[in-house]
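Student: Could we go through this model together, one question at a time? I would like to see how each answer is reached.

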Amino acid sequence: MKNAALFTAILAGMLTASTAMAGGTLSIRLVEASNSGSGGAAGLGDVIDVLKSNVPGYSQFTLIASGSKSLPADGSSIVVGKYQIMCKGNQKELSIEVSSGHKHLLSVTASLRDGIPVIFGGLPSDKGKHVLVFVAQ
Amino acid sequence: MKWPWNKIERELKREALVTMARDARAFWTDFDARARLRRQESPAPVKLPLIYGWSLATACATLLLVMTGVYMISGRGETGGSTINSFDIGVNYRAAIVTQGGDRQAAILWVMDMDAGAPQKETL
């Protein structure tokens with residue numbers, strides 16, 4: 001009886017570990033790229049270098065909103081700022097749909113590596129452009 | 001000088017007897033106490049039944065395979081940058097550029113002159 005309990009506990013532990021290993025988190029950040037203001041890069045420390053070197057014409061990057069989803073994504077939507085973002089699939093084959101109001105703006109299929117961002121930019125905003133940053137961990 | 005060995009021997013024996021002798025009452029009390037003790041077997045070594053050993057080994061091997069498969073399918077174990085495999089833009093735009101940027105190989109989709117206020121474009 002004691003051995004059966006031990007056996008069950010070990011199996012449960014391994015199952016929990018495998019579940020934790022399989023699932024990740026997708027962070028979604030809405031950033032405004034502009035040339036006005038002196039906003040810092042709070043909340044963008046891990047991606048600010050990528051943004052500065054790959055988004056020409058803008059010197060300021062400000063975090064507007066953020067959200068997160070667990071991976072694999074189940075196809076439900078999340079609202080980040082004024083955008084509705086639907087994610088479906090796992091990290092290797094993730095479908096992302098971005099819409100604003102009732103307008104479908106973008107559909108993208110991407111493969112995300114741990115900690116390496118996927119960035120959608122060029123969305124119009126009042127001060128410059130909106131940039132969506134997706135990072136899986 | 002001649003030592004009285006016989007006398008010395010007798011005295012030594014008498015002293016030893018006094019030292020080792022036990023009180024009869026104490027002896028029988030101890031005897032009764034020991035007689036009342038239950039005999040106890042020494043604990044046998046705990047041995048996991050073979051069925052559990054094989055089950056555990058099989059479960060570990062299966063779990064290892066499953067974890068490896070999940071790790072590969074999820075793409076978490078792969079190296080290199082993130083990539084954009086396909087995209088569709090639902091509104092009017094002038095151009096779209098996909099690049100890999102930075103040391104960390106981020107994937108970037110930049111849409112130029114996106115008309116987010118325009119009517120939704122049909123996608124074929």
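Student: Is Ile84(B) buried or exposed?
Tutor: Keep in mind that this is a predicted model. A residue is classed as buried if 20 or more other C-beta atoms lie within 10 Å of its own. Ile84(B), which lies in strand β1 of chain B, has 20 C-beta neighbours inside 10 Å, and therefore Ile84(B) counts as buried.

Student: Which residue of chain B is 23 residues apart from Ile84(B) in sequence and 6.2 Å apart in space, C-alpha to C-alpha?
Tutor: Leaving out residues up to four places away in sequence, Ile84(B) touches residues of chain A, including Val108(A), Ala110(A) and Val118(A). In chain B, Ile84(B) touches Val98(B), Ala107(B) and Leu109(B). The one that fits both the separation of 23 residues and the C-alpha distance of 6.2 Å is Ala107(B).

Student: Which strands stand at the edges of the open sheet of five strands?
Tutor: The pairing in this sheet is antiparallel, and the order of its strands is β3(A)-β4(A)-β5(A)-β6(A)-β1(B). A strand at the edge has a single partner strand, so one of its sides is left without a neighbour in the sheet. The strands in that position are β3 (73-80) of chain A and β1 (83-89) of chain B.

Student: Which residue in β5(A) does Tyr83(A) stand opposite?
Tutor: Strand β4 of chain A covers residues 83-90, and strand β5 of chain A covers residues 93-100. These strands run antiparallel and are joined by eight bridges. Opposite Tyr83(A), in β5(A), stands Ser100(A).

Note on methods:
Residues numbered from 1 in each chain as written. Chains lettered and ligands numbered in written order. Predicted model: local features only at pLDDT ≥ 70, side-chain atom pairs only at ≥ 80, totals over all residues. Pairing = 2+ DSSP bridges. Helix = DSSP H or I, 4+ residues; strand = E, 2+ residues; numbered from the N terminus. Buried ≥ 20, exposed ≤ 12 C-beta atoms within 10 Å, placed from the backbone. Contact = placed C-beta atoms within 7 Å.
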